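Hi there,

Here is the structure I promised to pass on to you. Have a look at it first, and then read my notes below with the model open beside you.

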Amino acid sequence: MYYTAFYKSPIGSLEIKSDEKHVTSINFIDDNKNQKENSKGVKVLSQCKKELDEYFHGDRTSFNVPYKLYGTPFQEEVWGKLGGIPYGRTKSYKDIAQKIGSTKLSRAVGQTNSLNPIAIIVPCHRVIGSNGNLTGYAGGLERKKWLLEFELKVKQPKLF
């Protein structure tokens, strides 16, 4: 059985889906007014919402909530590499392709990145173009820019 919860973030509503033990997707949605939540008592969804709260308050830089990615072996390898991008930092599609074994895979990495089913926790927002430009993000470039600027701000030491 699958469960659904909703989370209001500073950059829009998120729909979170899970099975009994793992988050299986987190996606930005336009409106959840007509959708029903069936997450009562599902610990993994409560943990996910708590960790998202901590992230958006600047108190969390990595996630512990268990999640499960479903894709081809190549997709799962790319998504796995995204978790290695440090908080507040970026890597290019070419960098990820190189880690997989060939810079010729940059386009395939980009396509796979756009299919990431678990936004924010699997940090596809930290992948940018080789020239430093922000490129596609399923949640929209404004959200990608916000997330990158937010992480950079949180990462900076507080002077006072």
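**A loop with two buried isoleucines**

I120 sits in the loop that runs between helix 4 and strand 5. Please keep in mind as you read that this is a predicted model. Is I120 buried or exposed? Its relative accessible area is 1%, so I120 is buried. The backbone at this residue is worth a look too: I120 has a positive phi of about 70°, although it is not a glycine. For background, most residues other than glycine have a negative phi.

I118 lies in the loop between helix 4 (106-114) and strand 5 as well. With a relative accessible area of 0%, I118 is buried. Which residues does I118 touch, once its neighbours within four places in sequence are set aside? They are V23, T24, S25, I26, Y67, K68 and L69. You can also try a distance in your viewer: the C-alpha atoms of I118 and A138 are 11 Å apart, and the two residues are separated by 20 residues along the chain.

**The chain as a whole**

Now let's step back. The chain contains five helices and five strands. In sequence order, they follow the pattern β-β-β-α-α-β-α-α-β-α. The radius of gyration is 16 Å, close to the 15 Å that the globule rule gives for 160 residues, so the chain is as compact as a globular protein of that length. Its C-alpha atoms fill a box of roughly 45 × 45 × 25 Å along the principal axes.

How much of the chain is buried? Of its 160 residues, 46% count as buried. The chain exposes about 9300 Å², and carbon and sulfur atoms supply 50% of that area. As for contacts between residues at least 6 apart in sequence, 56% of them join residues at least 24 apart.

**A buried glutamate**

Next, please find E15, which is in strand 2 (residues 12-18). E15 is buried, yet it has no salt bridge. The nearest side chain of opposite charge belongs to K17, and it is 4.2 Å away. A salt bridge here needs a nitrogen to oxygen distance within 4 Å. Leaving aside the neighbours within four places in sequence, E15 is in contact with T4, A5, F6, S25, I26, N27, I29 and Q35. Two of these names may look familiar, as S25 and I26 are also among the contacts of I118.

**Charges and salt bridges**

How many salt bridges does the structure hold? There are five. Several of the residues involved belong to a network: K50, E51, E54 and R60 are linked by salt bridges. Within this network, E54 pairs with K50, and their closest N and O atoms are 2.7 Å apart. E54 and K50 are four residues apart in helix 1 (residues 43-56), so about one helical turn separates them. E54 also meets R60 in a salt bridge, at 2.8 Å from N to O. R60 is buried, with a relative accessible area of 14%.

Another salt bridge joins K145 and E149, with 3.3 Å between the closest N and O atoms. These two are four residues apart in helix 5 (residues 141-155), which means that about one helical turn lies between them. K145 counts as partly exposed, at 43% relative accessibility. E149 is partly exposed too, at 45%.

Over the chain, there are 25 positive and 16 negative charges, and the mean positions of the two sets are 4 Å apart.

**One more stop: strand 5**

To finish, go to I128, which lies in strand 5 (residues 127-128). Why does I128 count as buried? Its relative accessibility is 12%, and the cut-off for buried is under 20%. The C-alpha atoms of I128 and Y93 are separated by 6.5 Å, although their places lie 35 residues apart along the chain. Apart from its neighbours within four places in sequence, I128 is in contact with T90, K91, S92, Y93, N133, L134, T135, K144 and L148. So when you have Y93 on screen, you will find it in that contact list as well.

Enjoy exploring, and best wishes!

Terms used
Residues are numbered from 1 along each chain as its sequence is written. This is a predicted model: local features need pLDDT of at least 70, side-chain atom pairs count only at pLDDT 80 or more; totals for chains, interfaces and linings use all residues. Side-chain values use heavy atoms; hydrogens and water are left out. Buried means under 20% relative accessible area, exposed over 50%, partly exposed in between (1.4 Å probe, protein chains only). Lys and Arg count as positive and Asp and Glu as negative; His and the chain ends are not counted. Contact means heavy atoms within 4.5 Å. The radius of gyration is taken over C-alpha atoms; the globule rule is 2.2 Å times the number of residues to the power 0.38. Accessible areas come from the Shrake-Rupley method with a 1.4 Å probe; for residues, only the protein chains shown count as cover. The place of a charge is taken as NZ of Lys, CZ of Arg, CG of Asp or CD of Glu.
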